[in-house]
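Work through the exercises below with the sequence and the 3D view open. Try each task before you read its solution.

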Amino acid sequence: MSELTLVVGSKNFSSWSLRPYLALAHTGQPFREVLVPLDTPETAALIAMHSPSGRVPVLKHGDTVVWDSLSICEYLAEAFPDAKLWPEDRATRAMARSVTSEMHSGFTALRTNLPMDISARKTVPGVDAPGVHADIARIQGLWAGCRERYGKGGPFLFGAFSIADAFYAPVITRFVTYGVPFRPENVPYRDAVLGLPAMIKWTEAAQGEPPLARYR
C-alpha cells in the first residue's frame with residue numbers, strides 16, 4: 001500500500017490542518033506527518049516543497065497529491081470506505097455534507113475574530129465584533145439540531161464520527177479558548193470531540209508549540 005503523508009501547519013493555530021488530521025486518524029491507516037511551523041521566515045519555502053497551492057494541509061498518497069481540507073477528507077472517504085467518514089444513508093449524508101460545506105465556506109466573522117489558539121484561555125473584543133454572535137448562535141443551533149435528529153447512534157453530530165465532526169472540531173476549541181458558553185445540550189458533543197484520542201494527541205502537541213511571531 002502506498003505511504004500516506006499529511007503535511008500540516010502549527011497545531012496550535014492551523015484549524016485547516018486539524019480537520020483532515022482527525023479524518024485520517026479515524027481511518028486507522030498508518031501515516032507520516034510533516035509539520036511546518038507557521039509565521040517563520042522559512043514557512044513559505046517549506047510549504048512550497050509539498051504544496052502546489054502554497055498552503056497547508058496537503059495529503060500525499062503515493063503519487064497522488066491532494067490539497068484543501070475538504071478535498072483531502074473527500075479523498076479519504078473514497079480511498080478508505082470502511083472508515084465510513086460519511087453517513088451511509090443518502091439523505092443523512094447530504095445533510096452531513098451540507099453542514100460541513102457551511103463550515104468550509106462560511107462563518108467568516110467567527111473565524112476572523114476568534115482565531116484558533118488551542119493552548120490559550122482569553123477573552124478578546126472579537127467576541128463582540130459584527131457577525132460573531134450570529135455565527136455562534138447558528139453553529140450552536142446546528143449542532144443541537146443535528147444531534148436531535150441524527151445523533152441517536154452515538155455522541156457525534158450524525159451518531160458516529162464523520163467528516164462533519166472533523167470540520168467543527170476547531171470551532172469547539174475556539175469556544176473553549178474564548179470562553180464562549182456551550183448550550184447545555186451541546187456539552188456532551190463538545191466532550192466527545194475533545195475526548196477523541198487523535199484530538200487529545202493533537203492538543204498535547206499544540207500546547208508545546210511556541211507562539212506565532214505576531215503574538216510574541
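**Exercise 1. The sheet**

Task: Find in which order the strands of the open sheet lie, and which strands are the edge strands.

Solution. Step 1: the open sheet is formed by four strands in the order β2-β1-β3-β4, with mixed pairing. Strands (E, at least two residues) and helices (H or I, at least four residues) are DSSP runs, numbered from the N terminus. Two strands count as paired if DSSP finds at least two bridges between them.

Step 2: β2 (32–36) and β4 (64–67) each pair on one side only, and they are the edge strands. From one strand to the next, the twist averages 15 degrees.

Before going on, note what kind of model this is. It is a predicted model, in which local features need pLDDT of at least 70 and side-chain atom pairs count only at pLDDT 80 or more, while totals for chains, interfaces and linings use all residues. Residues are numbered from 1 along each chain as its sequence is written, and side-chain values use heavy atoms, with hydrogens and water left out.

**Exercise 2. The partners of β1**

Task: State how β1 runs relative to β3 and relative to β2, and name a residue pair for each.

Solution. Step 1: strands of a sheet pair through backbone hydrogen bonds, either parallel or antiparallel.

Step 2: β1 (residues 4–9) and β3 (residues 58–61) run antiparallel and are joined by four bridges. Here L6 has L59 of β3 opposite.

Step 3: β1 and β2 run parallel, with five bridges between them. In this pairing V8 stands opposite L35 of β2.

Step 4: add the helix. Helix α1 (residues 15–27) lies across β1, β2 and β3 and runs at about 150 degrees to β1. Such angles run from 0 to 180 degrees between N-to-C directions, the axes being lines fitted to C-alpha atoms, for helices over the stretch in contact. Together, β1, α1 and β2 make a right-handed β-α-β unit. Right-handed means that, with the strands pointing away from the viewer, the path from the first strand over the helix to the second runs clockwise.

**Exercise 3. Salt bridges**

Task: Say how many salt bridges the structure holds, and describe the one between E74 and R97.

Solution. Step 1: there are seven salt bridges in the structure. A salt bridge is a side-chain nitrogen of Lys or Arg within 4 Å of a carboxyl oxygen of Asp or Glu.

Step 2: in the pair E74 and R97, the closest N and O atoms are 3.1 Å apart. E74 belongs to helix α3 (residues 69–79) and R97 to helix α4 (residues 90–105), so this pair ties together parts that are 23 residues apart in sequence.

Step 3: check exposure. Buried means under 20% relative accessible area, exposed over 50%, and partly exposed in between (1.4 Å probe, protein chains only). E74, at 22%, is partly exposed, and so is R97, at 33%.

Step 4: look at another salt bridge, between D117 and K122, where the closest N and O atoms are 3.0 Å apart. D117 is buried at 8% relative accessibility, whereas K122 is partly exposed at 28%.

**Exercise 4. Backbone angles**

Task: What do the backbones of K84, F107 and the V56 to P57 peptide bond show?

Solution. Step 1: K84 is not a glycine, yet its phi is positive, about 50 degrees. K84 sits in the loop between α3 and α4, and its side chain meets that of E88 in a salt bridge (3.7 Å, N to O).

Step 2: F107 is also not a glycine and has a positive phi of about 55 degrees. Its place is the loop between α4 and α5 (108–113), where F107 is buried at 7% relative accessibility.

Step 3: the peptide bond from V56 to P57 is cis, with omega near 10 degrees. P57 is in the loop between α2 (43–48) and β3.

**Exercise 5. Two domains**

Task: Give the domains of the chain and say how many residues of each are in contact.

Solution. Step 1: the domain assignment, which is automatic or from a database, gives domain 1 (4–83) and domain 2 (90–200).

Step 2: their C-alpha centres lie 21 Å apart. Contact means heavy atoms within 4.5 Å; 19 residues of domain 1 are in contact with 19 residues of domain 2.
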